[in-house]
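Here are some notes to read alongside the structure. Keep the viewer open and find each piece as you go.

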Amino acid sequence: MLKDSFGRTFPYIRMSITDVCNFKCGYCLPNGYQVDKSDNRKFLHLDEIKRLAKCFSELGVCKIRITGGEPTVRKDFFEIIKVLKIETEIKKVVITTNGYHLDKKAKQLVDSGLNGINISIDSLDRETFKNVTGHDRLPEILQGIKNLQDLGFENIKINAVLLNGINSSEKDFDKWSNFIEKNKVDFRYIELMQTGDNLEYFKKYHVSSKIFKNYLNKNKWIYQTLGKDAGPSLNYINPEYKGKFGIIAPYSKDFCKTCNRLRITSRGDLRLCLFGNTGISVRHLLQKDDQLSELKDLILKQMQYKKESHYLELGETGSTKNLSKTGG
Ligand code: SAM
Ligand code: SF4
């Protein structure tokens, strides 16, 4: 089992399979994806992804989240999901996506055996969605959710980055409340995080998630405790609603105490935290099946370097220029 010096265990991996993205979210890639000329390494190959998953499952990992960039832009995206599902022991394979062409991809996603999907939707207002992401695609994403539900797919989560004055009013919260009243999805607000690239944006739009917490308390939502491989969200339930609400507040005092995940970047670096500089490339040990035990040793040794906190509250962003690099 992967364990760090603070007693935290890591049953959950977030693996980025590409830095490329087709959206232009203001807080992440406002000018769209640009090729990183300082790093000409290719994105992880299917065989490398498979070896990593096998290694992690032997180290006690039961859940892998595939993310990016936008993971679905990879031509072999569905093959990756299938290989993880069929050829490895990982129990839960889930993805985070911006929902591009979700209406068309819903059936294939369900057929791939995927265990869960997180879809990013910053606003239920079409114009606001377009302004934040640079794409007028809210209707196709909402249709995609409906298609998934019609096919009986259960584990759907929606993430929105909380942006002051853009999607942070009671009216915005009410819209989501109406949505989850009728839809069995978990909706979560993520507090905007500062990265190397977005300081001005952060200063302008960051707002504490307490405003949403106060809304939940006022409207009698009940706090629910976390499961072993749960994500970082604090969840709230209301028996009259089909869906749940959640808050992901990386600046909150105890956020890192419950950290249960490690990350792999699209080029095969192990990252011990979304932020900070700790992590090394493990790619040289992904080239042949017989490197498995060496790979396991290297990852286990790295665990001693995991820090207690990301120190985001001190303005620390480490080497994280934007979240498309490490996978949010
Ligand atoms: N492209 C996919 C998507 O948008 O869902 C997956 C990758 S994206 C980096 C993963 C998540 O990180 C998204 O929900 C996105 O909204 C969130 N994110 C990106 N930059 C962020 C930031 N600076 N602060 C908080 N969340 C951020
Ligand atoms: Fe792309 Fe996701 Fe970043 Fe938006 S948040 S630009 S969809 S990687």
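The numbered points below go through a few parts of the fold, one at a time.

1. Before anything else: what you are looking at is a predicted model. Please keep that in mind through all the points that follow.

2. Let's begin with strand E4, which spans residues 116–120. Four of its five residues are buried, so E4 is largely enclosed by the rest of the structure. On one pairing, E4 goes with strand E3 (residues 92–97), in the parallel sense and over four bridges. If you want a spot to click on, Val94 has Gly116 in E4 as its bridge partner. E4 also pairs with strand E5 (residues 156–162); those two run parallel as well, and four bridges join them. Here the spot to find is Ile117, which stands opposite Ile156 in E5.

3. How do you get from E3 to E4? Through helix H3, residues 102–111: E3, H3 and E4 make a right-handed β-α-β unit. On the way, have a look at His101, which sits in the loop between E3 and H3. Its phi is positive, near 55°, and His101 is not a glycine. That deserves a second glance because most residues other than glycine have a negative phi. Is His101 buried or exposed? Neither label fits: with a relative accessibility of 24%, His101 counts as partly exposed, since buried would need a value under 20% and exposed one over 50%.

4. Next comes helix H4, residues 126–133, where Thr128, Phe129, Val132 and Thr133 are buried. These four cover an arc of only 115° around the axis, which puts them on the same side of H4. What lies over that side? The cover includes strand E4, the one from point 2, and helix H5 (138–150). Once H4 ends, Gly134 follows, and the phi of Gly134 is positive, near 80°.

5. Zoom in on Thr128, one of the residues of H4. Why does Thr128 count as buried? Because its relative accessible area is 17%, and the cut-off for buried is under 20%. If you skip the neighbours within four places in sequence, Thr128 is in contact with Ser123 and Ile166.

6. Helix H8 (residues 210–218) can be read in a similar way. Its buried residues are Phe212, Tyr215 and Leu216. Looking down the axis of H8, you find them within an arc of 100°, so they line one face of the helix. Turn to the face pointing away from that buried side and you meet the exposed residues Lys210 and Lys218. As for the buried residues of H8, they pack against helix H6 (170–182) and three strands: E6 (186–191), E8 (234–237) and E9 (244–248).

7. Just after H8 comes Lys220, in the loop that leads from H8 to strand E7 (222–224). Lys220 is another residue other than glycine with a positive phi, this one near 65°. Where does Lys220 fall on the scale from buried to exposed? Its relative accessibility is 65%, so Lys220 counts as exposed.

8. Now follow the chain through E7, E8 and E9. E7 and E8 pair in the antiparallel sense over three bridges, and Tyr223 has Tyr236 in E8 as its bridge partner. E8 and E9 are also antiparallel, again with three bridges; look for Leu234, which stands opposite Ile247 in E9. A hairpin through six residues joins E8 to E9.

9. Asn183 is worth a stop too. You will find Asn183 in the loop between H6 and E6, and with a relative accessible area of 18% this residue is buried. Which residues touch Asn183, apart from the neighbours within four places in sequence? They are Gln149, Lys242 and Gly243. For a sense of scale, Asn183 and Ile117 are 66 residues apart in sequence, and their C-alpha atoms are 15 Å apart in space.

10. Last, find ligand 2. Around ligand 2 are Cys21, Phe23, Cys25, Tyr27, Cys28, Leu29, Gly69, Asn98 and Ser324. How does this shell divide into nonpolar, polar and charged residues? Six are nonpolar, three are polar and none is charged.

Key. Residues numbered from 1 in each chain as written. Chains lettered and ligands numbered in written order. Predicted model: local features only at pLDDT ≥ 70, side-chain atom pairs only at ≥ 80, totals over all residues. Heavy atoms only, no water. Near = heavy atom within 4 Å. Nonpolar A, V, L, I, M, F, W, Y, C, P; charged D, E, K, R; others polar. Buried < 20%, exposed > 50% of the residue type's maximum accessible area, 1.4 Å probe, protein only. Arc of directions from axis to C-beta. Contact = heavy atoms within 4.5 Å. Pairing = 2+ DSSP bridges. Right-handed = clockwise from strand over helix to strand, strands pointing away.
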